[in-house]
Structure formats: structure tokens, C-alpha cells
Amino acid sequence: IQASFRAFAAILTDGSVVTWGDQTDGGDSSAVQHQLRNVQQIQASSEGFAAILTDGSVVTWGDQTDGGDSSAVQHQLRNVQ
């Protein structure tokens with residue numbers, strides 16, 4: 001389990017993710033839930049989360065100004081360890 005300022009994210013044994021807490025701090029992952037499969041690791045910032053998938057790609061969610069939006073660098077987020 002990882003925690004942001006006011007939210008939590010847990011990886012389940014099947015590699016999916018459950019989030020809860022303040023929606024703006026990453027407690028609502030519904031926009032990326034379909035991508036949160038085969039999650040290997042989660043890291044948190046104060047208001048966002050980044051998940052590394054087993055294929056080396058990265059999924060982010062939470063406050064856009066605190067790392068929740070990685071769209072500008074998504075093409076670079078490959079083969080992440």
C-alpha cells in the first residue's frame with residue numbers, strides 16, 4: 001500500500017489496484033482503472049500516484065500538477081524498472 005497526502009492505493013494479488021480517499025489526491029483512479037492491470041509497483045507523491053506495470057510502462061493518476069498527468073512524457077515512460 002502507498003499513500004499520498006489524503007489517499008491510498010493498494011496492489012491486489014491479481015495485479016489490479018484499489019484506490020480510496022480524497023479524489024483529487026489520487027483516491028479516484030476510475031479514469032485509468034482499465035490500465036491498472038499487471039501492476040508491479042506503486043509510488044506516491046503528495047497528491048498523485050504512479051504505477052509501474054510488468055511490461056515496463058507507467059500509469060499515473062491524481063492531481064495533474066503533482067505528477068498525476070504524465071501525458072507530456074508518456075512516450076518516454078517505457079522499460080521503466
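Where does serine 70 sit? You'll find serine 70 in the segment after β6. Keep in mind that this is a predicted model. Here's a quick tour, starting with the nonpolar core and ending with a few polar residues and loops.

**The nonpolar core**

- The largest nonpolar core has 12 residues in all: Ala7, Ala9, Val17, Val32, Leu36, Val39, Ile42, Phe49, Ala51, Leu53, Val59 and Trp61.
- Four strands each give two or more residues to this core, namely β2 (7-11), β4 (39-44), β5 (48-53) and β6 (58-62).
- The top contributor is β5, which gives 3 residues to the core.
- Nonpolar side chains tend to be buried together in soluble globular proteins.
- Val32 is one of the core residues, and valine 32 touches Val59, Thr60 and Trp61, leaving aside residues up to four places away in sequence.

**A nonpolar patch on the surface**

- Some nonpolar residues show up on the outside too: Ile1, Phe8, Leu12, Val18 and Trp20 make a surface patch of about 480 Å².
- Take leucine 12 from that patch: look for it in the loop between β2 and β3 (17-21).
- With a relative accessible area of 39%, leucine 12 falls between the 20% and 50% cut-offs, so it counts as partly exposed.

**Serine 70, after β6**

- Back to the opening residue: serine 70 has 10% relative accessibility, which is under 20%, so it counts as buried.
- Its side chain makes a polar contact with the side chain of glutamine 74, at 2.9 Å.
- Not counting residues up to four places away in sequence, serine 70 touches Thr60 and Leu77.
- Thr60 turns up among the contacts of valine 32 as well.

**The loop between β5 and β6**

- Serine 57 lies in the loop between β5 and β6, and threonine 54 has its place in that loop too.
- Serine 57 is buried, because its relative accessible area of 13% is under the 20% cut-off.
- On the polar side, the side chain of serine 57 makes a contact with the side chain of aspartate 55, at 2.6 Å.
- Setting aside residues up to four places away in sequence, serine 57 touches Ala51, Ile52, Leu77 and Arg78.
- Of those contacts, Ala51 belongs to the nonpolar core, while Leu77 is also touched by serine 70.
- Threonine 54 counts as exposed, because its 55% relative accessibility is over 50%.
- Leaving out neighbours within four places in sequence, threonine 54 is in contact with Asn38 and Gln40.

**Two asparagines with positive phi**

- Asparagine 38 isn't a glycine, yet it has a positive phi of about 55°.
- Asparagine 38 is found in the loop between β3 and β4, and it is partly exposed, with a relative accessible area of 46%.
- Asparagine 79 also has a positive phi, near 55°, and is likewise a residue other than glycine.
- You'll find asparagine 79 in the segment after β6, where it counts as exposed at 66% relative accessibility.
- How far apart are the C-alpha atoms of threonine 54 and asparagine 79? They are separated by 9.2 Å, and the two residues are 25 residues apart along the chain.

Methods: Residues are numbered from 1 along each chain as its sequence is written. This is a predicted model: local features need pLDDT of at least 70, side-chain atom pairs count only at pLDDT 80 or more; totals for chains, interfaces and linings use all residues. Side-chain values use heavy atoms; hydrogens and water are left out. A nonpolar core is a set of buried Ala, Val, Leu, Ile, Met, Phe, Trp, Tyr and Cys residues joined through side-chain atoms within 4.5 Å. Buried means under 20% relative accessible area, exposed over 50%, partly exposed in between (1.4 Å probe, protein chains only). Contact means heavy atoms within 4.5 Å. Patches are made of residues with over 30% relative accessible area and no salt bridge: like charges are joined within 9 Å, nonpolar side chains (Val, Leu, Ile, Met, Phe, Trp, Tyr) within 5 Å. Accessible areas come from the Shrake-Rupley method with a 1.4 Å probe; for residues, only the protein chains shown count as cover. A salt bridge is a side-chain nitrogen of Lys or Arg within 4 Å of a carboxyl oxygen of Asp or Glu. A polar contact is a pair of N or O atoms within 3.5 Å; within protein, one must be able to donate a hydrogen and the other to accept it, and residues adjacent in sequence count only if both atoms are side-chain atoms.
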